[in-house]
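Here are my notes on this one, in the order I'd walk through them with you. Keep the 3D view open and click along as you read.

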Amino acid sequence: MTFENLTADAEALREKLGLERWAALGHSFGGHVALEYALRYPGSLSHLVLLDTGGDSHWSQQNAAEVLARRGCSPKKVELVRRCFHGEFAPHEHVPMAMRIGARALSPPQPVADCPRGDPGRVAHEVPAAGVHLRQLPLVKGCTAMDRLGEITVPTLVMAGRNDGVFPPECQRELAAGIPNARLQLIDRAGHNPHSEQTAEVMAAIKHFLAADTPAA
């Protein structure tokens with residue numbers, strides 16, 4: 001798995017669908033891919049939405065374990081997260097590590113009405129997703145797009161949960177500042193998954209961004 005083939009797959013899909021240009025939204029690792037796509041295929045994009053991501057792995061490696069320590073997690077879990085975000089694990093450790101960390105470890109607790117933890121479909125979806133995410137971490141480690149952000153010319157929205165422990169607000173401000181004319185929006189009462197925690201607000205922000213930056217026909 002490389003950024004080259006991940007972005008080429010997205011471009012092949014655009015061509016198959018017969019779209020001249022389209023908007024790309026990437027969350028977390030998907031944001032790394034979306035950034036690479038914007039840099040490799042600038043003529044294919046109309047808009048770019050970067051949701052809880054960064055231009056490199058710097059913030060997640062430095063902040064993730066520290067955030068869990070401040071929230072009172074056990075030293076064992078803190079060390080597990082540190083290893084996770086530094087890519088220090090063997091292939092057979094992927095799923096067990098994901099289950100021990102938990103999909104919500106780096107998001108703040110939310111009221112049941114906002115974030116229904118009792119939804120078995122949501123839990124069933126998030127644990128395998130976390131396992132897949134662990135497979136992507138070695139690819140991100142050491143890679144950076146920070147020195148190329150100025151090449152992005154399409155309208156860009158940088159958005160994240162204000163309490164994200166993987167890519168905190170400082171990271172989002174740094175990312176938005178590097179992209180010409182990028183908009184920055186932080187979502188209150190949300191962590192690394194604001195699309196699950198504050199769905200209506202995130203969707204409204206994206207719709208407003210796409211409508212405001214789309215030329216009239």
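1. Let's begin with G150, which sits in the loop between α6 (120–140) and β3 (156–161). Keep in mind that this is a predicted model. Is G150 buried or exposed? G150 counts as exposed, because its relative accessible area is 52% and the cut-off for exposed is over 50%. Being exposed doesn't leave G150 without partners: setting aside residues up to four places away in sequence, G150 touches G178 and P180. Try finding G178 in the viewer: G150 and G178 are 28 residues apart in sequence, yet their C-alpha atoms are 6.0 Å apart in space.

2. Now zoom out for the overall layout. The protein has nine helices and four strands. Reading along the sequence, you get the pattern α-β-α-β-α-α-α-α-β-α-β-α-α. There are 217 residues in the protein, and 45% of them count as buried. Here's a number worth pausing on: if you take the contacts with a separation of 6 or more, 73% of them come from residues 24 or more positions apart.

3. On to the inside. As a general rule, nonpolar side chains in soluble globular proteins tend to be buried together. In this model, the largest nonpolar core has 18 residues, and the ones touching the most other members are L35, L45, L48, L50, I152, L175 and I179. Which elements give two or more residues to this core? They are β1 (22–27), α2 (29–40), β2 (45–51) and α7 (169–178). Helix α2 supplies the largest share, with five residues.

4. L48 is a nice residue to click on if you want to see that core from one spot. Leaving out neighbours within four places in sequence, L48 is in contact with A24, A34, A38, I152, V154, P155, T156, L157 and F209. Apart from this core lies another one, made of 14 residues, and its members include A64, L80, V166 and F167.

5. F167, from that other core, deserves its own point. You'll find F167 in the loop between β3 and α7. F167 is buried, because its relative accessible area is 3% and buried means under 20%. How far apart are F167 and A64 in sequence and in space? They are 103 residues apart in sequence, and 8.3 Å apart in space, C-alpha to C-alpha. Skipping neighbours within four places in sequence, F167 is in contact with S28, H32, D52, T53, G54, D56, W59, S60, Q172 and H192.

6. Two of those contacts of F167, S28 and D52, have something odd about their backbones. S28 has a positive phi of about 55 degrees, although S28 is not a glycine. D52 is not a glycine either, and its phi is positive too, at about 50 degrees. S28 lies in the loop between β1 and α2, while D52 is in the loop between β2 and α3 (58–70). Are they buried or exposed? S28 is buried, with a relative accessible area of 7%, and D52 is buried as well, at 0%.

7. Next, a helix pair. Two packed helices are described by the angle between their axes and the distance between the axes. The axes of α1 (residues 3–17) and α2 come within 9 Å and cross at roughly 70 degrees. That angle makes α1 roughly perpendicular to α2. On the α1 side, the contact is made by F3, E4, L6, T7, A10, E11 and R14, and on the α2 side by F29, H32, V33, E36, Y37 and R40. Sort the residues of this contact by type and you get six nonpolar, two polar and five charged.

8. Last, the aromatics. The structure holds three aromatic pairs. One of them is Y37 with Y41: the ring centres are 5.3 Å apart and the planes are 35 degrees apart, so this pair is tilted. Y37 is buried, with a relative accessible area of 4%, whereas Y41 is partly exposed, at 24%. W22, Y37 and Y41 form one aromatic cluster. Y37 also belongs to the α2 side of the contact with α1, which ties this point back to the helix pair.

How values were computed:
Residues numbered from 1 in each chain as written. Predicted model: local features only at pLDDT ≥ 70, side-chain atom pairs only at ≥ 80, totals over all residues. Heavy atoms only, no water. Core = buried A, V, L, I, M, F, W, Y, C linked by side-chain atoms within 4.5 Å. Buried < 20%, exposed > 50% of the residue type's maximum accessible area, 1.4 Å probe, protein only. Contact = heavy atoms within 4.5 Å. Axes fitted to C-alpha atoms, helices over the stretch in contact; angles between N-to-C directions. Parallel < 35°, antiparallel > 145°, perpendicular 65-115°, else oblique. Nonpolar A, V, L, I, M, F, W, Y, C, P; charged D, E, K, R; others polar. Phe/Tyr/Trp six-rings, centres within 6.5 Å; stacked < 30°, edge-to-face > 60°.
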